[in-house]
Number of protein chains: 2
Amino acid sequence: MDTGFVAALGDWRTRSGPLARTLAAAVRDAVVDGRIPAGTRLPSERELARTLHLSRGTVVAALDVLRADGWLHTRHGSGSAVRLPARLTERTTPWSLDRGGAPDADLDLTLAVTAAPHEAYRAAVARAAERSAPLLVDSGVATAGLPRLRELLADRYTRAGLATRPEQILVTAGAQAALTLLLDHLHTDRRAPVVVENPAYPGALAVLRARRARLLPVAVSPRVGWDTDHLAAAVRRHRPRLAYLVPDFHNPTGAHMDAPARRALAALADRHDLTLIADETMRDLDLRTPPGGEPHLAGARVIQIGSASKTLWTGLRVGWIRATADLVRRLCRNPLQAQLAPPPLEQLIAAELLGEPLPALLDDRRARLRAQRDHLTGLLAGTGWTCTVPSGGLTLWLRLGDDGPSATDLAARAAARGLAVTPGPHFAADRATLTHHLRLPFTATPETLTRAVGLLRECAVR
Amino acid sequence: MDTGFVAALGDWRTRSGPLARTLAAAVRDAVVDGRIPAGTRLPSERELARTLHLSRGTVVAALDVLRADGWLHTRHGSGSAVRLPARLTERTTPWSLDRGGAPDADLDLTLAVTAAPHEAYRAAVARAAERSAPLLVDSGVATAGLPRLRELLADRYTRAGLATRPEQILVTAGAQAALTLLLDHLHTDRRAPVVVENPAYPGALAVLRARRARLLPVAVSPRVGWDTDHLAAAVRRHRPRLAYLVPDFHNPTGAHMDAPARRALAALADRHDLTLIADETMRDLDLRTPPGGEPHLAGARVIQIGSASKTLWTGLRVGWIRATADLVRRLCRNPLQAQLAPPPLEQLIAAELLGEPLPALLDDRRARLRAQRDHLTGLLAGTGWTCTVPSGGLTLWLRLGDDGPSATDLAARAAARGLAVTPGPHFAADRATLTHHLRLPFTATPETLTRAVGLLRECAVR
């Protein structure tokens, strides 16, 4: 027999648990890993039993588990083939957060990301593949972005009230890549500190630390938002030239900047020759009904960066910078850009999805996230832990009680029980404070959130 | 009529030249830009004339030019559709280097890159698109790489004599991304300098400069190779902890490290606690017949990095690190990795191409590059300029005469005549020296190389 199927299962016997369930889990994992392509026909039960040195009964039991969970499609007379269960392609929770809802799975609540919108994304990939020929006869080197994608992104800003020409858009391999490129141009005085929020998006902290930038943290909280007075005082005193802010559904706190604060910050930047980098990655994930429609944080000294990684899929790795056409031209000449520009094919896929299909995709996504957020806040009621319900984004910022374990201790205990969560210090500019906060993403399914909060509560009282 | 076709042409009237040729060039450029998809049916001649405010005769003449150049396919009774000419899909020279061989095109000899292997790449994209479904139900966040791709890359090393397990491979968004990630772990003492070659690969210099690393340049030349004695002395004196080297068909010089120098460097690294990062991006572009088969630069203190950007296509943006499994695990936990990992779909495409199809693809590519290199060295005979014929890679390192203009002056004069070339200082660690060198890639067609060298000779005597 073809031993490819069995080889693709890897070292599955090292897992614990009953053999039939373990075998079923190994097949499931191999399908999602792509080691066994969906549609692959299974060897016969007898062949499987022989090659795997298992009893026929164990193999039959494993296949029954797979069939019951939707991983196996059996057509009379032509055997069984593996497939993706429909419930996986119809949810926004990524498979690895709970292994597709497997009751024995470890839970991962460290990631604030969603699965791709399955059918629309597959159609976009197929269409991009069809249209890839002209790209392949060229060099594939970094440019400012595919013309169609730059036009589409410029149009979105213009329709939102921020007049933008395609020449003002630079397509990057995500928001972190955008920040890296901008820092290389704007962070030229290494003594001048860079304003960051506290807590902050860890991806941005990593980029700043790699450049050995001095950080100037300003507090943000989901309840009171940005402390603009403190920020103004810090700017006057420490003379930063740069600030990195997430005004829309801030990661991790979910805080959302109101219109007066946006105006105040833009004016402050003007007055003090401070460049604001506004990361709008979460902006489209407004969970209010109806959405709020605050203006962009904008002004002569504001550069917007964005990404499709949260609204579409992290695996796309497409983001962008909106700046003056002149700065975009200069950024394009940066030798770092070669590593910070997304592959042309991914840009084609982005262009397929960020236009006409986007509003419906976002509506669906927002509805699911809203339900998951509400489920999570419901679970937290009565725990003694507190949070402000975020009006958008993907995460909730939980304050633990002072008399319980620290977030780091709680995370360690949870990890021992198979639940991964990220404690507050991970988001702290100094890596040490925020010891009684946890970031909880509501990208998981209600079932998984219920299991996770239950586990956390058990760990807290242990 | 549908005005999309005309809109997609953009501001074509701003170009100089006869109207019919200009219109034809605008259509050609719009097809390669993807603004007009290959296969699009043209409006009728009468409609085009009316919408573009041109005479019918001008439109007919433009279409005749396109048809003669292979950009238009006319089927009796069903009108004309745009397409890519077969000669474009069958060459390794990227379109933008000479606009597909257009006699009026500016020439770009600044890029040492090739077009994709067209048919094989298209097939790989289509197959990856078919297999993308399992990826889309997961998070798309950075991992160490798709299991199939890591296995395939580990196998290649093992078959080349360097035993490697998949756990030792970390897939990155190219060699520059690999270097960025490695520096973030290994370049921890900012006072210790980093050894680089002089001249060096500018992409690596950019990454090192962004980290504000101190550079310790050591000379490399295509004739005498690496000055290992000088390197040993510099290591003893300046105590670098890190070195970045391109031992295989070095960019820009084409130098190739012999086996004794490889052994000497690995021993030096061992002795002085120096980590060598060996960039093997060019290794598969061995133009000798038969290929030489020098061993990898390898040892306990050597980390190999590689990339498919030169052997397959720069637009793929897939590279990798080969290190200890322990270092790979640590690199995976680096928050920078999120921006330095390639999209899963591109990894699928890489896995389709880097296995069984690769040897035939490389043979074809090497034959074309060899012919282009030989054509270029033939053109340079009798110019008074000197070079060592490179035994591999994509570029030739030209030494100009001392009595003529500097490379920077020559490049400026050539630019004024529509030829872009990169002068030596661009590759210098100090950005100032190497004033009488030029890098000439032989990725262009023989016709383009002939035009380019002719222009350079004219500019030199002016």
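This is a short tour of four backbone features in a predicted model, two in chain A and two in chain B.

**Stop 1: chain A, the bond before A:P252**

Select A:N251 and A:P252 and show the backbone. The peptide bond from A:N251 to A:P252 is cis, and its omega is near 15°. To place the site, colour the chain by secondary structure: A:P252 sits in the loop that runs between β8 (242-245) and α13 (259-272) of chain A.

**Stop 2: chain A, A:R431**

Stay in chain A and select A:R431. Its phi is positive, about 65°, although A:R431 is not a glycine. The loop around it lies between β14 (422-423) and β15 (437-441) of chain A. Is A:R431 buried or exposed? Its relative accessibility is 56%, and the cut-off for exposed is over 50%, so A:R431 counts as exposed.

**Stop 3: chain B, B:R212**

Move to chain B and select B:R212. This residue, too, is not a glycine, yet B:R212 has a positive phi of about 60°. Look for B:R212 in the loop between α10 (202-210) and β6 (215-221) of chain B. With the protein surface shown, B:R212 counts as partly exposed, because its relative accessibility is 22% and that class lies between the cut-offs of 20% and 50%.

**Stop 4: chain B, the bond before B:P290**

Last, select B:T289 and B:P290. Which kind of peptide bond joins B:T289 and B:P290? The bond is cis, with omega about -10°. On the chain, B:P290 belongs to the loop between β9 (275-279) and β10 (302-307) of chain B.

Terms used:
Residues are numbered from 1 along each chain as its sequence is written. Chains are lettered from A and ligands numbered from 1 in the order in which they are written. This is a predicted model: local features need pLDDT of at least 70, side-chain atom pairs count only at pLDDT 80 or more; totals for chains, interfaces and linings use all residues. Side-chain values use heavy atoms; hydrogens and water are left out. Helices (H or I, at least four residues) and strands (E, at least two) are DSSP runs, numbered from the N terminus. Buried means under 20% relative accessible area, exposed over 50%, partly exposed in between (1.4 Å probe, protein chains only).
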